[in-house]
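This report covers surface character, aromatic contacts and salt bridges in one protein model. The sequence and the structure come first, and the description follows.

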Amino acid sequence: MNTSALIRPAWTPATIALMVVGFMVFWPLGFAMLAYIIWGDRLDGFKRDVNRATDGIFAGCRRGSDKAARWGHGSARTGNVAFDDWREKELERLNEERNKLDEMLTQFDEYARELRRAKDQDEFDRFMANRNKATSPTTTESTGSTTTTKRGKGSTLLDD
């Protein structure tokens, strides 16, 4: 990097001022400037790696769509027919295994959902049974006290 540049990945008055202004204007800008100050010297290698990766990704897009369709899912052929055939078979086998695993995952999710529902139902039934037990004695007592109030003119047993 050019060490005489005004804005370089170092603690210079200009970068500190830009960082402070960035925090005042919009806090992510301040963090971006701080990251540039701390890790900016690594950007050349990072930029080079990103450019290589994107060139590799978009190289397939530059080819004709008919070539990509002929190659199957955009994967390039090696030129060795035996290897390519074996690879196709292995990819198909792996795809079948993945489908089986996805189906098993779906079945397990349904099983776990049913277990949760059964557990919730059991807890609810237990709650209702406990609730009915708790309310049934008070109902009997209130029925008994209602019977005592109907016995005579007084409302308590002492009046009898």
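A residue counts as buried under 20% relative accessible area, as exposed over 50%, and as partly exposed in between. Arg77, with a relative accessible area of 40%, is therefore partly exposed. The model is predicted, and the values below are computed from it.

**Salt bridges**

The structure contains six salt bridges. One of them joins the side chains of Arg77 and Asp84, at 3.8 Å from N to O. The two partners differ in exposure class: Asp84 has a relative accessible area of 4% and is buried, whereas Arg77 is partly exposed at 40%. Arg77 and Asp84 also belong to a network of salt bridges that takes in Glu88.

Two further salt bridges are found within helix 5, which covers residues 81-151. Glu114 and Arg117 lie three residues apart in that helix, so about one helical turn separates them. Arg126 and Asp122 are likewise both in helix 5, four residues apart, or about one turn. An α-helix has 3.6 residues a turn, so residues three or four places apart point the same way. The table gives the N to O distance for three of the salt bridges.

| Salt bridge | N to O distance |
|---|---|
| Asp84 and Arg77 | 3.8 Å |
| Arg117 and Glu114 | 2.9 Å |
| Arg126 and Asp122 | 2.8 Å |

For the pair Arg117 and Glu114, Arg117 is partly exposed with a relative accessible area of 46%, and Glu114 is partly exposed with 41%. For the other helix 5 pair, Arg126 is partly exposed at 46% relative accessibility and Asp122 is partly exposed at 42%.

**Aromatic pairs**

Rings of Phe, Tyr and Trp count as a pair if their centres lie within 6.5 Å. By this rule there are three aromatic pairs. In one of them, the ring centres of Trp27 and Phe31 are 5.8 Å apart and the planes stand at 90 degrees, so the pair is edge-to-face. Both residues lie in helix 2, four residues apart, which is about one turn of the helix. Trp27 is exposed, with a relative accessible area of 55%, while Phe31 is partly exposed with 44%.

Another pair is made by Phe83 and Trp86, whose ring centres are 5.8 Å apart and whose planes are at 35 degrees, so this pair is tilted. Phe83 and Trp86 both belong to helix 5 and are three residues apart, about one turn. Phe83 is partly exposed, at 36% relative accessibility. Trp27 and Phe31 also form one aromatic cluster together with Phe23.

**Helix 2 and the nonpolar patch**

Helix 2 has 13 residues and reaches 18 Å from its first C-alpha to its last, close to the expected 18 Å. Its buried residues include Gly30, Met33 and Ile37. Seen down the helix axis, the buried residues of helix 2 fall within an arc of 65 degrees, so they line one face of the helix.

A nonpolar surface patch of about 1,000 Å² includes Trp11, Ile16, Val20, Phe26, Leu29 and Trp39 among its residues. Helix 1 (13-25) and helix 2 (27-39) are the elements that each give two or more residues to the patch. Helix 1 contributes the most, with five residues. Val20 is located in helix 1 and is partly exposed, with a relative accessible area of 42%.

Terms used: Residues are numbered from 1 along each chain as its sequence is written. This is a predicted model: local features need pLDDT of at least 70, side-chain atom pairs count only at pLDDT 80 or more; totals for chains, interfaces and linings use all residues. Side-chain values use heavy atoms; hydrogens and water are left out. Patches are made of residues with over 30% relative accessible area and no salt bridge: like charges are joined within 9 Å, nonpolar side chains (Val, Leu, Ile, Met, Phe, Trp, Tyr) within 5 Å. Accessible areas come from the Shrake-Rupley method with a 1.4 Å probe; for residues, only the protein chains shown count as cover. A salt bridge is a side-chain nitrogen of Lys or Arg within 4 Å of a carboxyl oxygen of Asp or Glu. Buried means under 20% relative accessible area, exposed over 50%, partly exposed in between (1.4 Å probe, protein chains only). Rings of Phe, Tyr and Trp (its six-membered ring) pair if their centres lie within 6.5 Å; planes under 30 degrees apart count as stacked, over 60 as edge-to-face and the rest as tilted. The expected span of a helix is 1.5 Å times one less than its number of residues. The arc is that of the directions from the helix axis to the C-beta atoms.
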